[in-house]
Amino acid sequence: MSKLRLVAHVGPLRGEPGTRPTAGTLGGAGQRMPPAEVVLMEVLDGGPALLYRFTRDGVFAGDTWHECRENAEDQLEFEVGAAIGAWTAVPLEVEDAQAYAVDWAQRTLPER
């Protein structure tokens with residue numbers, strides 16, 4: 001099964017995010033995840049899309065499943081609005097796309 005893999009910067013946000021993933025069990029209060037600074041989207045053959053969010057330091061900031069790429073992009077628009085950057089393709093030869101996303105963020109995001 002092949003998949004399209006894309007990365008994008010997040011931020012800075014203007015105001016509060018529409019939502020932020022939480023860690024915990026279904027129905028529980030959970031704990032808010034840190035704000036994402038980079039997002040990895042994997043779009044599988046047949047349409048399902050996965051979003052993985054990380055800080056630039058590699059701290060996991062949540063993941064979500066979506067029926068298609070458009071729904072995933074709509075979710076990010078709701079979460080961060082115009083703070084999502086342009087999508088960049090993950091090179092085909094990269095095996096660990098999550099590690100690539102964090103490394104890419106560290107190389108391309110401006111200093112804090």
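This is a short tour of strand S4 and its surroundings in a predicted model.

Start by selecting residues 38–44, which make up strand S4. Switch on a surface if you like: 6 of the 7 residues here are buried, so-called mostly covered territory.

Now add residues 3–9, strand S1. S1 and S4 run antiparallel and are joined by 7 bridges. For a register check, pick leucine 4 and look across to its bridge partner in S4, valine 43.

Next, bring in residues 49–54, strand S5. S5 also pairs with S4 in the antiparallel sense, this time over 6 bridges. Keep valine 43 highlighted, since you'll find alanine 49 of S5 standing opposite it. Then follow the chain from S4 into S5: the two form a hairpin with 4 residues between them. Stop in the turn at glycine 46, whose phi is positive, at about 90°.

Time for side chains. Show Val7, Val38, Leu40, Val90 and Tyr100, the residues with the most contacts inside the largest nonpolar core, which has 15 residues. S4, S5 and helix H2 (97–108) each supply at least two residues of this core. H2 gives the most, with 6 residues.

Zoom in on valine 38 and list what it touches, leaving out residues up to four places away in sequence. Among its contacts are Ala8, His9 and Val10, then Tyr52, Arg53, Phe54 and Thr55, and also Ala101, Trp104 and Ala105.

Last stop: select Ala8, Val39, Ala49 and Val80. These belong to a second, separate core of 11 residues. Ala49 should look familiar, as the residue opposite valine 43.

Key. Residues numbered from 1 in each chain as written. Predicted model: local features only at pLDDT ≥ 70, side-chain atom pairs only at ≥ 80, totals over all residues. Heavy atoms only, no water. Buried < 20%, exposed > 50% of the residue type's maximum accessible area, 1.4 Å probe, protein only. Pairing = 2+ DSSP bridges. Core = buried A, V, L, I, M, F, W, Y, C linked by side-chain atoms within 4.5 Å. Contact = heavy atoms within 4.5 Å.
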